[in-house]
Amino acid sequence: MNMKFERPRGTRDFSPEDMKSRDFLFQTMVQVFESYAYNHIETPVFENLELFTAKSGDEIVEHLYTFKDKSERDLCLRPEMTASVARMYANGLVHSRKPLKLYYFGPMYRYERPQKGRYREFWQMGAELMGASSLESDAEIICLASDCMDKLDLKYNLRLSHLGVLRGILSDSGVDEKTQDKALGCIDRDEAEELKKIVDFQLISPLLGLSADSSKGFKEFSDVVLSSIKSFPSALKAFEELKAVMGLIQSLGKEFTVDLGMSRGLAYYTGMVFDISVEGLGAQNQVCGGGRYDKLIELFGGPPTPAVGFAFGFDRLGEALKIQEKPVDVKGVDVIVVPVGDDVRAESFKIARDLRQAGLASDYDLMGRKLKDVLSFASSAGIKYAVIVGPRELKDGEIVLRDMSSKKEKRVKIKELTRQF
Ligand code: HAM
């Protein structure tokens, strides 16, 4: 009986063509991460379920891929990596050199309703900076993300805020941290009625619609905010921090919007938060999100450690490259070796190996096709040169080198072949 299998819902296959642009994206971003002295790490794809419910509560379970292993342990596929990196820090990196600058790339899993730009399996590329609380560390994280966008030559909108402003108003009014988390969740999901049930809406409502653009200056915005928060010292302190971070990124020529009504879906943020969106991606247009989370490492049993980071939605970035028609710089195959007749196959096979050892990406006709067919394969595959190995030339220690774009051919000594490229 023949069977036909479909992919699980919300997952994708990536063809060699897809992988070319994904690899280009990855390599370009690695260059930016490493230019800021960040180091690559990896963590397990599955974790103990509690790692994610500890801060977010049991409500998060419906958005996770959870399962029990054969020893009845509750596990889940990771929905993001910040919790894993915080766990890794609390477990083993506590005594490493500070600050720790880490980056990661890998698949994440969320049990969500699939739609354009929203998958059940998707990739994130992110950075976490641990052990530094300075304003420059907030600014560095924002600039690192925005430099990735600049390096990819993508147009984007950068938006930032500081959760300490809203949290400050609430905590100075006696609202506990758990209720603050809930309130920020409601703001994130635009649930005004729910929000009104848990906090005094009047306290924060003047700030929720407030935003301003760096191109227009912040004086007026700042005056309005200050008048709304003047009796809340914690909010005032947070706003001063936000203004200092804004000043730092403005001094690097970055353009952005500040939006105090912005919250973030994840419960662990404590300070500066930001996101990056790209027009044309539809409803799921956020390509990056991040912020400061100073209490997570402590929650996982580590010492109090300030931390800030972000993650790019790698798949959405790939889509943005397509929409904005950015060229993908792909290193192709340099040469294909074509034996003309069975007598020369062994020697041709060896020539291909020698070309590879000389650093050239080299293919070899594995199928014993006619020369004409291999040449048409090579031109459709974008291979730059063909090394045609014929019995007559081989007797003289030579081959025919064909430039696939100009179609010009010349005889070349095998010994001198690698010098031709
Ligand atoms: P997040 O905002 O949940 O943050 O996800 C970051 C990015 O991942 C989003 O901006 C989006 O581009 C992408 N993304 C999220 N869900 C999906 C999905 N279902 N399909 C495709 N792309 C998706 C975090 O995950 C935090 N860990 C970021 C962070 C790092 N904060 C501090 N450090």
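## Two sheets and a ligand shell

Nine strands make up an open sheet with mixed pairing, in the order 1-5-6-12-11-10-7-9-8. Strand 1 (39–40) and strand 8 (211–213) stand at the edges. Each has a single partner strand, so one side of each lacks a neighbour in the sheet. The model is a predicted one.

Look next at strands 10 and 11 of this sheet. Strand 10 (residues 272–277) pairs with strand 11 in the antiparallel sense, over five bridges. Within strand 11, Cys 288 stands opposite Ile 276. Helix 12 (residues 314–323) packs on the sheet. This helix touches strand 5 (100–109), strand 6, strand 11 and strand 12. Its direction makes about 50° with that of strand 12.

Now turn to the ligand. Its shell holds 27 residues, and those that come nearest are Glu 80, Glu 112, Arg 264, Tyr 269 and Gln 286. Which strands each supply at least two residues of the shell? They are strand 6 (121–130), strand 11 (286–292) and strand 12 (307–313). Strand 11 gives the most, with six residues. By class, the shell has 11 nonpolar residues, nine polar ones and seven charged ones.

Some contacts can be followed atom by atom. A polar side-chain atom of Tyr 269 lies 2.6 Å from a nitrogen atom of the ligand. Gln 286 uses its backbone: an N or O atom there lies 2.7 Å from a ligand oxygen atom. Cys 288 also places a backbone N or O atom by a ligand oxygen atom, at 3.5 Å. How much of the ligand does the protein bury? Taken alone, the ligand exposes 660 Å², and the protein buries 95% of that.

The other sheet to follow is built from strands 13 to 17. Five strands form this open sheet in the order 14-13-15-16-17, with mixed pairing. Strand 14 (362–364) and strand 17 (409–413) are the edge strands, and each pairs on one side only. On average, neighbouring strands here are turned by 25° against each other, direction ignored.

Both parallel and antiparallel pairing can be traced in this sheet. Strand 13 (residues 335–339) and strand 15 (residues 385–389) run parallel and are joined by five bridges. Val 337 has Val 387 of strand 15 as its bridge partner. Two helices can be placed against these strands. Helix 14 (residues 371–380) packs on the sheet and touches strand 13, strand 14, strand 15 and strand 16. The direction of helix 14 makes about 170° with that of strand 13. Helix 13 (residues 345–357) lies across strand 13, strand 14, strand 15 and strand 16 (398–403). It runs at about 165° to strand 14.

Strand 16 and strand 17 pair in the antiparallel sense, over five bridges. Leu 401 has Lys 410 of strand 17 as its bridge partner. The two strands, 16 and 17, form a hairpin with five residues between them. In the turn, Lys 407 has a positive phi of about 65°.

Two backbone details remain, both in loops. A cis peptide bond joins Lys 98 and Pro 99, with omega about -10°. Pro 99 sits in the loop between helix 3 (82–93) and strand 5. Asp 190 is not glycine, yet its phi is positive, near 60°. This residue is found in the loop between helix 6 (177–188) and helix 7 (192–198).

How values were computed
Residues numbered from 1 in each chain as written. Predicted model: local features only at pLDDT ≥ 70, side-chain atom pairs only at ≥ 80, totals over all residues. Heavy atoms only, no water. Near = heavy atom within 4 Å. Polar contact = N/O pair within 3.5 Å; in protein donor to acceptor, adjacent residues only side chain to side chain. Areas by Shrake-Rupley, 256 points an atom, 1.4 Å probe, with all protein chains shown as cover. Helix = DSSP H or I, 4+ residues; strand = E, 2+ residues; numbered from the N terminus. Nonpolar A, V, L, I, M, F, W, Y, C, P; charged D, E, K, R; others polar. Pairing = 2+ DSSP bridges. Axes fitted to C-alpha atoms, helices over the stretch in contact; angles between N-to-C directions. Contact = heavy atoms within 4.5 Å.
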